[in-house]
Amino acid sequence: MAALLLLGLAGLPVTAMAEVSALVRITPARVMAMTDHLHAYGTVEFSPEGGQTLSLEAESLVTQVLVAAGQRVQKGEPLLRVKPTINDRLQMDQARIAVRFAGEDLQRLKGLRDRQLATNAEVQAAAQSLARAKAGLRDIGARLHTLQSGALRAPMNGVVESVAVHQGDLVPAGQPLLRLSKGDQLRVLLGVEPEDLTRVHRGDVVQIQPVYGGTSPVAGRVTQIYWQVDPKTRLAQVVVPIPANPALLPGGMVHARILVGQGRDLAIPDSAVLQSQGRSYCFVAAHGRAQRRWIETGWQEKGWIAVKKGLQAGEQVVSLGNYELHDGMALRVEAGQ
């Protein structure tokens, strides 16, 4: 019986056999407003503007560290306990001795002048030497004033950005001890692939969000572009200042979208775009059949992708059911379309 059935089917005309077709959804290519975003990741840090690096003008011994990075402090609050070193005391003693000897020399020359054994020029030179010695003593006293008080205090309200010393450190004059920031201004350093750096410009709008989300994006603008590659990350850096925000703490990781372009473009659903050997294509519904069309794509946003070449506005592209299609295949369009 099966053999008879097969012989009967073989005898039917080809047109009597059902043609293979695919059920698809079609969407017209249309012109719409599109924005091009560049995605980047980075870290939050204190803005260098408004910060202050604290140091002492004399050699000092750190006896106690009273604060840690990230701690808020008030103006006048002690940050470090410090005291003079042996070298400081030696300089002070030498300055005092210099003042005493300069004073004694001036008095001696004044006595000699009264007996006409010294000139006015010699007395004047001695007076200048005494003035220089007193100035040196005042300078050393001013430099040792903080050390004599026993503590380095905060010059303003702010946040401790970093502490560069430890208890027991002998710190040379002028070496940074810690850095204090006002804490009201932050900045984000974003890493950008070197090949994408030319797409970024000063003034570009940036939407910033913590990596783990949970909060509304914070808006900012690019103010600086560093035209060099970080040897550790192999990325270039872009700077975006932002106001202080409880959701964006210094040291935190963020995800950012940099708006690098905006305009009206021909676009199709991104589900309509397929790939073959590194090229993009889609299927166009033409006279009830699938027609493969090679295209050049551009920006992508909210489920749509811009098409630079290969399509015209109004052409019907297959946006669903296209993975099983081949060129020339018959199409059945979803009901209601």
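A salt bridge is a side-chain nitrogen of Lys or Arg within 4 Å of a carboxyl oxygen of Asp or Glu. The exercises below apply this to a predicted model.

**Exercise 1.** Decide which contact R179 makes with E161, and where the two residues sit.

*Solution.*
- Take the distance. The closest N and O atoms of R179 and E161 are 3.2 Å apart.
- Apply the cut-off. The limit is 4 Å, so R179 and E161 form a salt bridge.
- Place the partners. R179 lies in strand β10 (residues 178-181) and E161 in strand β8 (residues 158-163). They are 18 residues apart, and the pair links distant parts of the chain.
- Classify each one. R179 is buried, at 18% relative accessible area. E161 is partly exposed, at 26%.

**Exercise 2.** Locate the salt bridge between R187 and E45, and classify both residues by burial.

*Solution.*
- Start with the contact. The N to O distance is 2.5 Å.
- Find the elements. R187 belongs to strand β11 (residues 185-192), E45 to strand β2 (residues 30-46). The separation is 142 residues.
- Use the burial cut-off. Buried means under 20%. R187 has 14% relative accessibility, so R187 counts as buried. E45 has 25% and is partly exposed.

**Exercise 3.** Explain how R108 and D105 are placed relative to each other in helix α2.

*Solution.*
- Note the bridge. The side chains of R108 and D105 meet at 2.7 Å, N to O.
- Count along helix α2 (residues 86-114). The two are three residues apart, so about one helical turn separates them.
- Check exposure. R108 is partly exposed at 47%. D105 is also partly exposed, at 29%.

**Exercise 4.** State how many salt bridges the whole structure holds.

*Solution.*
- The search finds 10.

Note on methods: Residues are numbered from 1 along each chain as its sequence is written. This is a predicted model: local features need pLDDT of at least 70, side-chain atom pairs count only at pLDDT 80 or more; totals for chains, interfaces and linings use all residues. Side-chain values use heavy atoms; hydrogens and water are left out. Helices (H or I, at least four residues) and strands (E, at least two) are DSSP runs, numbered from the N terminus. Buried means under 20% relative accessible area, exposed over 50%, partly exposed in between (1.4 Å probe, protein chains only).
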